[in-house]
Amino acid sequence: MDAPFPGLGTLVNIATVVLGALLGMAVGHRFPDRTRSVVTDCLGLTTLLMAGLSAVSVTDRALSDATGRGAPVLIVLGSLLVGSIAGSLLRIGDRLEALAGTIEAWFARRSPALADTDDVVTTGAGGTATAVAATATTAREKFIEGWLGASLLFCVGPLTILGSLSDGLGRGIDQLLLKSVLDGFAALAFASTFGVGVLLSAVSVAVVQGALTLVGVLLGSVLPEPHILALTATGGLMLAGIGLRLLRIRDVPVADMLPALLVAPLLTQLVITLR
């Protein structure tokens, strides 16, 4: 789906996060596990469809004319191999997963843990004041947890990067629309537990995806069409990995493959130069 202006996908994503958070605070845990599982399967199948539409860029005439008839598939393969090896050596996936724990630990050192607040609730003359203080601490802790957890979920992931770059490059906002649906359901679940703090994660989405979209706009004005096509095809296979994860078929380490997005245009330029 083409967008009339860059950033529309992020605006839609923000809207679904806000709507999901509001619904989560209103209805709570009303959806059974079976329903959530079916919805996830539908999103996984749709992700595979979008992956195929992106990966088909490898057959584009502009790419084959610039690199040679048999080169595009090899460029995508080489990009994934080099990028994945680099990503695994750099442990990008592990670092992204550890990011949540690091930030949570940072906050934990500066605010009492939720379990500790129960110990300070006393009875007697000062019991009411202490209970009020503990309740305020609990509310603050839930707010922080809601914002932090939702922000990491919505902003730290391959689909965030792929979708935002695609939007900025003018390749459509289909990926961000899919992400918006995913984030909407996730926001509903988060907000039913953590409340209003999840709404603040919409600001995080705006900042992170807005910056990535801007990067895509800048790349689109610099990279030639064949380079963008190679990047798009490589990203399509990474989307297929996300689809397999959503369908619980295989836990593909897509995060470790992210460097392939940098390798694809560089490898394309190398093939064009050597041709």
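What percentage of the 275 residues in the chain is buried? The share is 43%. The points below concern a predicted model.

1. Overall architecture. The chain contains 12 helices and zero strands. Read from the N terminus, its elements accordingly follow the order α-α-α-α-α-α-α-α-α-α-α-α. Among contacts with a sequence separation of 6 or more, 85% join residues that are 24 or more positions apart.

2. The largest nonpolar core. This core comprises 22 residues, and M238, L239, I242 and L261 are the members that touch the most others. At least two of its residues come from each of α4 (71-90), α8 (158-168), α11 (225-246) and α12 (260-274). The greatest contribution is that of α11, which provides seven residues.

3. L261 and its surroundings. When neighbours within four places in sequence are left aside, L261 contacts I161, L162, L165, L231, G235 and M238. Two of the residues named here, L261 and M238, are also among those that touch the most other members of the largest core. A further core lies apart from that one; it has 12 residues, including A21, C155, A191 and V205.

4. Q209 in helix α10. Helix α10 spans residues 197-220 and includes Q209. Is Q209 buried or exposed? Its relative accessibility is 0%, and because buried means under 20%, Q209 counts as buried. With residues up to four places away in sequence excluded, Q209 touches T10, N13, F154, T160, S164, L176 and K179.

5. A206 in helix α10. A206 is likewise found in helix α10. A relative accessibility of 30% makes A206 partly exposed. Its contacts, not counting residues up to four places away in sequence, are with T10 and I14. The C-alpha atoms of A206 and N13 are 8.5 Å apart, although 193 residues separate the two in sequence. T10 is thus a residue touched by A206 and also by Q209.

6. The second largest pocket. The space in this pocket amounts to about 260 Å³. Its lining consists of 16 residues, and those nearest the centre are S54, S166, R171, Q175 and T232. Helices α2 (33-55), α8, α9 (174-194) and α11 each contribute at least two lining residues. In character, the lining comprises eight nonpolar, six polar and two charged residues. Both α8 and α11 therefore recur in this account, because each supplies at least two residues of the lining as well as at least two of the largest core, the helices being numbered from the N terminus.

7. Salt bridges in general. Side chains of opposite charge can pair when their charged atoms come close. How many salt bridges does a search of the whole structure find? The search finds six. Three of them are described in the points that follow.

8. R248 and D41. These residues form a salt bridge in which the closest N and O atoms are 2.8 Å apart. R248 belongs to the loop between α11 and α12, whereas D41 is in helix α2, so the pair ties together parts of the chain 207 residues apart in sequence. The two partners fall into separate accessibility classes: R248 counts as exposed, at 53% relative accessibility, and D41 is partly exposed, with a relative accessible area of 25%.

9. R171 and E225. The side chains of this pair meet in a salt bridge with an N to O distance of 3.4 Å. Since R171 lies in the loop between α8 and α9 and E225 in helix α11, the pair ties together parts 54 residues apart in sequence. R171 is partly exposed, its relative accessible area being 31%. E225 also counts as partly exposed, at 39% relative accessibility. R171 is, in addition, one of the lining residues that lie nearest the centre of the second largest pocket.

10. R91 and D94. In this salt bridge the closest N and O atoms are 2.7 Å apart. R91 counts as partly exposed at 46% relative accessibility. D94 is partly exposed as well, with a relative accessible area of 37%.

Methods:
Residues numbered from 1 in each chain as written. Predicted model: local features only at pLDDT ≥ 70, side-chain atom pairs only at ≥ 80, totals over all residues. Heavy atoms only, no water. Core = buried A, V, L, I, M, F, W, Y, C linked by side-chain atoms within 4.5 Å. Buried < 20%, exposed > 50% of the residue type's maximum accessible area, 1.4 Å probe, protein only. Helix = DSSP H or I, 4+ residues; strand = E, 2+ residues; numbered from the N terminus. Contact = heavy atoms within 4.5 Å. 1 Å grid on protein atoms, 1.4 Å probe; cavity = no way out; pocket = protein on both sides within 12 Å on 5 of 7 lines; lining within 4 Å. Points joined across faces, edges and corners; volume = space filled by probe spheres on them. Nonpolar A, V, L, I, M, F, W, Y, C, P; charged D, E, K, R; others polar. Salt bridge = Lys/Arg side-chain N within 4 Å of Asp/Glu carboxyl O.
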